Amino acid sequence: MSTTRRAAVLGSPIAHSLSPVLHRAAYRELGLGDWTYGRHEVDEAALPAFMERLDATWAGLSLTMPLKRAVIPLLDEITPTAAAVEAVNTVVLTGDGRRLGDNTDIPGMLAALRERGVERVERASVLGAGATASSALAALARICTGEVTAYVRSDARAAEMRGWGERLGVPVRTAPWEDAAAAFEAPLTVATTPAGTTDALAAAVPARPGTLFDVLYEPWPTALAAAWADRGGAVVGGLDLLVHQAVLQVEQMTGRSPAPLAAMRRAGEAALAAR
């Protein structure tokens, strides 16, 4: 009898996703020759039908935008971590047919920072106010002992970030994007904005910067990350986040721990280098 198990990443657009590369590398290292990991273009409208078609061969799903919130009503249960930011990036399909949702982005951020020696900071800055920014606030709520300043482009975004801060239990002050260079005065800066947004800030990196967590992985390095590294600052990149959150996904979906972090990172680096 076949023991094939299936997993996949869903989203729209999805062709760029590195998740198949990372998960397949993990399966190879773990000796899971009967496991497959695919990639499916699925938008919010198509998600319910896709979920309905899942059979007992399916072990789990990775979700990217715009599905992280849309999937919640389709699940039997979500973890407190996912509920805190109203975003699920991981679905585990259990043997009894239940669908469990989690968010590995938040512990993935913490693991990536911990790998660079960042376990506690007295204050931090966040550049941007999108979905990734709320996950960043959730992570900072666990390691930041003081205030987080969010640099945003509109009053509406500012209100959203302050609301997330109240919900997550972290004091958030907001400031206009025009003042974003002041973010670098904090010991930790988390950049959550789309590609190119922070390029103009590269010239403002101080002589002795703290730690930068730039969630982008392509193109890499960003202008900001390159300037930061040139000045001797510690840089955590989007690939670090992607690998760490994928490690947690692999462990949940396969039941095997620890997942092979080093092999997954090497596979990700090779795939990016080949693009």
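Mentor: Two strands count as paired if DSSP finds at least two bridges between them, and the helices (H or I, at least four residues) and strands (E, at least two) are DSSP runs numbered from the N terminus. This is a predicted model, in which local features need pLDDT of at least 70 and side-chain atom pairs pLDDT 80 or more, while totals for chains, interfaces and linings use all residues. Residues are numbered from 1 along each chain as its sequence is written, and side-chain values use heavy atoms, leaving out hydrogens and water.

Trainee: Which are the edge strands of the open sheet with parallel pairing?

Mentor: This open sheet has six strands in the order S9-S8-S7-S10-S11-S12, with parallel pairing. An edge strand pairs on one side only, and that description fits S9 (172-176) and S12 (234-236).

Trainee: Which residue in S10 stands opposite Ser125?

Mentor: S7 (residues 124-127) and S10 (residues 188-191) pair in the parallel sense, over three bridges. Opposite Ser125, on the S10 side, stands Thr189.

Trainee: In the open sheet with mixed pairing, which residue of S2 is the bridge partner of Arg6?

Mentor: The order of this six-stranded open sheet is S2-S1-S3-S5-S6-S4, and its edge strands, each pairing on one side only, are S2 (35-41) and S4 (77-78). S1 (residues 5-11) pairs with S2 in the parallel sense over seven bridges. Within S2, the bridge partner of Arg6 is Thr36.

Trainee: What angle does the direction of H1 make with that of S2?

Mentor: H1 packs on the sheet and touches S1, S2 and S3 (58-63), where contact means heavy atoms within 4.5 Å. Axes are lines fitted to C-alpha atoms (for helices over the stretch in contact), with angles from 0 to 180 degrees between N-to-C directions. For H1 and S2 the angle is about 175°.

Trainee: And to which strand does H9 run at about 15°?

Mentor: H9 lies across S1, S2, S3, S5 (90-93) and S6 (99-102). The strand to which H9 runs at about 15° is S5.

Trainee: How are H1 and H9 oriented to each other, given that their axes cross at roughly 55°?

Mentor: The axes of H1 (residues 19-30) and H9 (residues 238-254) come within 10 Å, and residues including Leu22, Ala26 and Tyr27 in H1 meet a group in H9 that includes Leu242, Ala246 and Val250. Angles under 35 degrees count as roughly parallel, over 145 as roughly antiparallel, 65 to 115 as roughly perpendicular and the rest as oblique. With a crossing of roughly 55°, H1 and H9 are therefore oblique.

Trainee: At what angle do the axes of H9 and H10 cross?

Mentor: Among the residues that meet here are Leu239, Val243 and Val247 in H9, and Leu261, Met264 and Leu272 in H10. The two helices are oblique to each other. Their axes come within 10 Å and cross at roughly 135°.

Trainee: Is Ala82 buried or exposed?

Mentor: Ala82 is found in H4 (residues 80-85), and, leaving aside neighbours within four places in sequence, Ala82 is in contact with Ala87, Val88, Gly101, Asp102 and Asn103. The classes are buried (under 20% relative accessible area), exposed (over 50%) and partly exposed (in between), with a 1.4 Å probe and protein chains only. Because its relative accessible area is 0%, Ala82 is buried.

Trainee: What separates the C-alpha atoms of Ala82 and Ile72?

Mentor: Ala82 and Ile72 are 10 residues apart along the chain. In space, their C-alpha atoms are separated by 9.3 Å.
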